[in-house]
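Colleague: I am new to this structure. Can I ask how the labels on it are justified?
Modeller: Go ahead.

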Amino acid sequence: MNNKVKIICCYYGKFPEYFNLWLWTCGNNPKFDFMLVTDEQVENAPDNVFVYNISFPDLKDKISKCLGKKIKLEKPYKLCDYRPVYGLAFADELKGYDFWGQCDLDMLWGNLKAGITDEILENYDIVGQRGALILYRNCERINHLYRLDGGVFSSDYVFSHTESCGFDEMTGMNRISEKHGISRYKDLHIADAIRENTRLNIRGTEKCKEFFCMKDGKLFRVYEDNKRGLMADEYLYLHMSGKSPAVHIT
């Protein structure tokens, strides 16, 4: 890839049991860089995972200074609403990068370069539309996009209230980018688990016997089709939506 991309994940509290697997799948994507913002210590991170240690109060202060105003940020989950300003808040860490991104920790990466190509990055300013992974072009216009109108809530409202508003995706940036004609690539082939279901049911698929597996850096959903038998579909990532499925490494 010619385009340089750094994907940012902010996480506070004890890491989940599958954390090392998350790190491993990051390492399987050497063409992408990752930055983990946390107050926890991380050992044996892959070369493309940069650990940015900062306390939650200090991160709040960093974002507040970046915005030039006092903000409401009492719990880590509220950070989702501040993701659209990461391009400004971490400007020093993003120097030299063509794109920056946001991501979750409750996910596993497949082969990202297969679905996020230079051709896509050269023709779109935003890639993705679900909060688990969205990439933004690292430029003045896109880094200040959050200020514009078009969302269900304005950024002033979002940053001055404690409740989570979904500003980084459906109610905010997706609507704002649509209203202002920002080019967005929406067709990433992703496995996004339905949050309300107890099982790992993927949006857009029928319930059936299934499991996920990794092979040669690629992520597959293996399932039984009544007509075609055993099938395997490749995905860019699996977003587990807070679930902790059993993991078997062979």
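Colleague: Why is F159 called buried or exposed, whichever applies?
Modeller: The model is predicted, and the value is computed from it. F159 has a relative accessible area of 2%. Buried means under 20%, so F159 is buried.

Colleague: What makes Y146 buried or exposed?
Modeller: The cut-off is again under 20%. Y146 has 4% relative accessibility, so Y146 counts as buried.

Colleague: How do you know which kind of aromatic pair Y146 and F159 form?
Modeller: A search of the whole structure finds 17 aromatic pairs. In the one formed by Y146 and F159, the centres are 6.0 Å apart and the planes meet at 50°. Ring centres must lie within 6.5 Å to pair. Planes under 30 degrees apart count as stacked, over 60 as edge-to-face, the rest as tilted. Therefore this pair is tilted.

Colleague: Where do the two residues of this pair sit in the chain?
Modeller: Y146 is in the loop between helix 6 (140-143) and helix 7 (155-158). F159 is in the loop between helix 7 and helix 8 (173-179). They are 13 residues apart.

Colleague: Which residues form one aromatic cluster?
Modeller: Y11, F15, F19, W22, F34, W109 and Y237.

Colleague: How do you know whether the radius of gyration of the protein chain agrees with a compact globule?
Modeller: A compact globule of 250 residues would have a radius of gyration near 18 Å. The protein chain has 18 Å, so the value agrees.

Colleague: How many of the 250 residues are buried, as a percentage?
Modeller: Buried residues make up 50%.

Notes: Residues numbered from 1 in each chain as written. Predicted model: local features only at pLDDT ≥ 70, side-chain atom pairs only at ≥ 80, totals over all residues. Heavy atoms only, no water. Rg over C-alpha atoms; globule rule 2.2 N^0.38 Å. Buried < 20%, exposed > 50% of the residue type's maximum accessible area, 1.4 Å probe, protein only. Helix = DSSP H or I, 4+ residues; strand = E, 2+ residues; numbered from the N terminus.
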